Amino acid sequence: MNLTTKILLPLIWLLCAIPAGLVQAQQAGQTKDNPSYAALADLLENEQSREKLINELRTMADETATQAKTVAEEASAASSSSRELAQTTRAIAEGIGEQFTALAEVVNGLVDGQVASDEQFSLAGLMEATLNLSLVIVATLLVFMLMRRLIGPLLYAKLDTWALQGGNTPVIRRVICVALAAAVDVLIVGLAYVGGNLVATFLVGETGEQTTQASLFLNAFMVIELLKVGLRMLFSRRYDGLRLLPINASEAAYWNRHMALLIGLLGYGVMVAEPLISIHISAALSQGINTLLMLAAFMYAAIIILKNRRRLAGIIRTKAEQSPMATSKISLHLLARTWHVLALGYFAVVLVLVLLSPANALPFVLFATLKTLGIIVVGLLLSTLLGQTIGRRIQLSPELRRKMPLLEARLNSYVPNALRFLRFLVLAAVILLSFNAWHVLDLATWYASEAGGVLMGRIIAVAIVLAVAAAIWVTCASLIEHKLNPETGTGIPSARTQTLLSLFRSALAVLLVTMTVMIALAELGINIGPLIAGAGVLGLAIGFGAQKLVQDVITGIFIQIENAMNTGDVVTLGGITGTAEKLSIRSVGIRDLNGTYHIIPFSSVDTVSNYMRDFAYHVGEYRVSYRENIDDAIAHLQNAFEELAADEAQKPYVLEALEVAGVVALADSSVNIRVRIKTVPGMQWAVGRAYNRLVKMHFEQAGIEIPYPQSTVHFEGSRQGVAPALKLEQAGERHSG
């Protein structure tokens, strides 16, 4: 009995026992321990019951198979990636091994004098084809060089001069000049191609027909020279203004020479030499020559890369130090360390792809490389253009600077951040488009998908929200600045206006930041409902836990509403007298007479004593001796005030005539006279100092004594008036008298 039978028989028995048990429960006298075989026979004999049993068994069998398949898939999932990697590596190794085996067989055949060819090898035919091809090559290159020498230098020199003249956006001038020079280069290549075609058609071979060799060369010439045109756009040797990359002439000449040699070697070898060898000698030899060309190109590129590894790394580090963006600086430093590894990896991948599938891989690699280079160059030009257009300092008109003196500085403070953001977008676009060129990503499909469209829409919406918030802030801050400017608006603003506008600007900044963050999160698809609810609960908790802070804010609001003090007022708060330098919604900063800066929370303020409201008084009490005439003393006080009021320096601050309260006290040693001078608020101390000076001068001229503390010494004597002698001691000597 196999495993399936052992499993199925108990299941059949169980399924049969259930209805049989029901029958047995209805029938008396039957035992519960033995199964009813009669009921099982009846069940199998009934067609409907039998079909139901069969269906249930099949369902259970399908479920068992599904579970077994799932377990097998889970068991093999862990090793699938490793297996695929191993298979790919083995395929690459086998393909490269086959290439080298075929190359070895061809070389052995050449050594033994055995050349396999589809057609009979003819040395005379080969020589004739070589001669005809040489005529076409000489004619094409002759036309090409003559056109470059006759047309090129004159036009290139003018374009170079115009490009180097600069202007507001020199990168635009350079791009235009490089594009015109490239157009001239393409025209010269086209004329040389036409000339070579005419020679190949009417002078070589049969008239009116073009040989295969000539067609191969002319097509290769067109492709290679167009690639060299693009190379000259990047590495122009003679003309600095016609070079897109920011390198010197010697560096450009070096890379132009080696890269042009590499392009020529691969281009003419693959597009001319290999097909000709395949046609006239051997297809196997042609394949071997292709392998040798690829190996030679790889070795040549590897030698150039390793030779310039340190030098180019130093140049990249210098560019990194000059970069204003932290992201670019880090990326360039990383590139300086790994550029040679990336370049060697690139050429190694190209070699493997071309060796495995030369017909498909070579066009793909060529076009992907050209796309990547074009994307990188366009990204560099855009970054440079942004630096030249946005990176310049914004200069407003004199009238606008007069009305809003802080607007220019505010805009210029935003420029570096905007420039960094735009350059980051350019860098991200370059990376994504480069991946798309190599089919690592499919941006078109991703953008056409629902997820891509939604993400791009959200990014654009967030950008619009940020731009609108920045515009609102600049507009409102500029309007507040316009109101605070004494040269515009309604003139010099009051201290209350300055304080309230400053507080409004701070509150607006907080509100804008909060609203912008909330809207941006909502646009990104984040549910801000829990955030708002959490903020409300958190605010309630803070309100209970920070009652002092709430009291500070509420008291500060009412102080501002009641205009109790403003910035610049001299006030007394919490027993501290000084100038209010900074007011916030929670506290006030006081600078006292000694220069000490005090921060006083509004919750600790019971009374605000403001010395700067409407007007002020200098209240002075002047003491004169008991033997002086009080009326004369008051007259001299009046004379001192008249002299004060006539002083040009103090006259603007004196508002009314001198108020004489009269004698206010008969002190122990003086008679006190009180006067009061009404002044401009805040100038009572300066006016009082000037008046005290004049009072002293007038009292001295009139001989009015200003008493000062004195002591009278009485000597004890007898009733007859005889007093004892006073002994004085000075400088070590004793005197008596």
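Colleague: What makes strand 1 and strand 2 (residues 576-583) a pair?

Modeller: Four bridges join them, and the two strands run antiparallel. Strands pair if DSSP finds at least two bridges between them, so four bridges are enough. One detail up front: this is a predicted model, where local features need pLDDT of at least 70, side-chain atom pairs count only at pLDDT 80 or more, and totals for chains, interfaces and linings use all residues. Residues are numbered from 1 along each chain as its sequence is written, and side-chain values use heavy atoms, with hydrogens and water left out.

Colleague: Which residues stand opposite each other in strand 1 and strand 2?

Modeller: Thr572 stands opposite Thr577 in strand 2. Val571 has Gly578 as its bridge partner there. The two strands form a hairpin with two residues between them, and Gly574 takes a positive phi near 60° in that hairpin.

Colleague: How do you know that strand 1 also pairs with strand 5 (residues 608-610)?

Modeller: Three bridges join strand 1 to strand 5, again antiparallel. Val571 stands opposite Asn610 in strand 5.

Colleague: How many bridges join strand 2 to strand 3 (residues 587-592)?

Modeller: Five, and these strands run antiparallel. Ala580 stands opposite Ile590 in strand 3. The hairpin from strand 2 to strand 3 passes through three residues.

Colleague: Which way do the residues of strand 1 point?

Modeller: Val570 and Thr572 point one way, Val571 and Leu573 the other. In a regular strand, side chains alternate between the two faces of the sheet. These four residues of strand 1 are buried.

Colleague: Why is Arg243 called buried?

Modeller: Its relative accessible area is 3%. Buried means under 20%, exposed over 50%, and partly exposed in between, with a 1.4 Å probe and protein chains only. Arg243 is at 3%, therefore it is buried.

Colleague: Where is Arg243 found?

Modeller: Arg243 sits in the loop between helix 7 (212-234) and helix 8 (249-280). Helices are DSSP runs of H or I with at least four residues, strands are runs of E with at least two, and both are numbered from the N terminus.

Colleague: What makes the Arg243 and Asp240 pair a polar contact?

Modeller: Their side chains meet at 2.7 Å. The term covers N or O atoms within 3.5 Å; within protein, one must be able to donate a hydrogen and the other to accept it, and residues adjacent in sequence count only if both atoms are side-chain atoms. The distance of 2.7 Å is therefore inside the limit. The side chain of Arg243 also reaches the backbone oxygen of Ile247 at 2.7 Å.

Colleague: Which residues does Arg243 touch?

Modeller: Leaving out residues up to four places away in sequence, its contacts include Arg174, Val178, Met233, Phe235 and Ala252. Contact means heavy atoms within 4.5 Å.

Colleague: Which residues have the most contacts inside the largest nonpolar core?

Modeller: Tyr156, Phe235, Leu242 and Trp339, in a core of 48 residues. Such a core is a set of buried Ala, Val, Leu, Ile, Met, Phe, Trp, Tyr and Cys residues joined through side-chain atoms within 4.5 Å. Apart from the largest core lies another of 20 residues, among them Val624, Tyr691, Leu694 and Phe699.

Colleague: Which residues does Leu245 touch?

Modeller: Leu234, Phe235 and Leu380, not counting residues up to four places away in sequence. Leu245 and Leu380 are 135 residues apart in sequence, and their C-alpha atoms are 8.5 Å apart.

Colleague: Why does Val350 count as buried?

Modeller: Its relative accessibility is 15%, and the limit is under 20%, so Val350 counts as buried. Val350 lies in helix 11 (residues 326-356).

Colleague: Is Cys177 buried or exposed? And what is the relative accessible area of Cys476?

Modeller: Cys177 is buried at 0%. Cys476 has 22%, so it falls in the partly exposed class.

Colleague: How many disulfides does the structure hold?

Modeller: Zero. A disulfide is a pair of cysteine sulfur atoms within 2.5 Å, so no cysteine pair meets that limit here.

Colleague: What percentage of the chain counts as buried?

Modeller: 29% of the 737 residues. The chain comes to 21 helices and ten strands.
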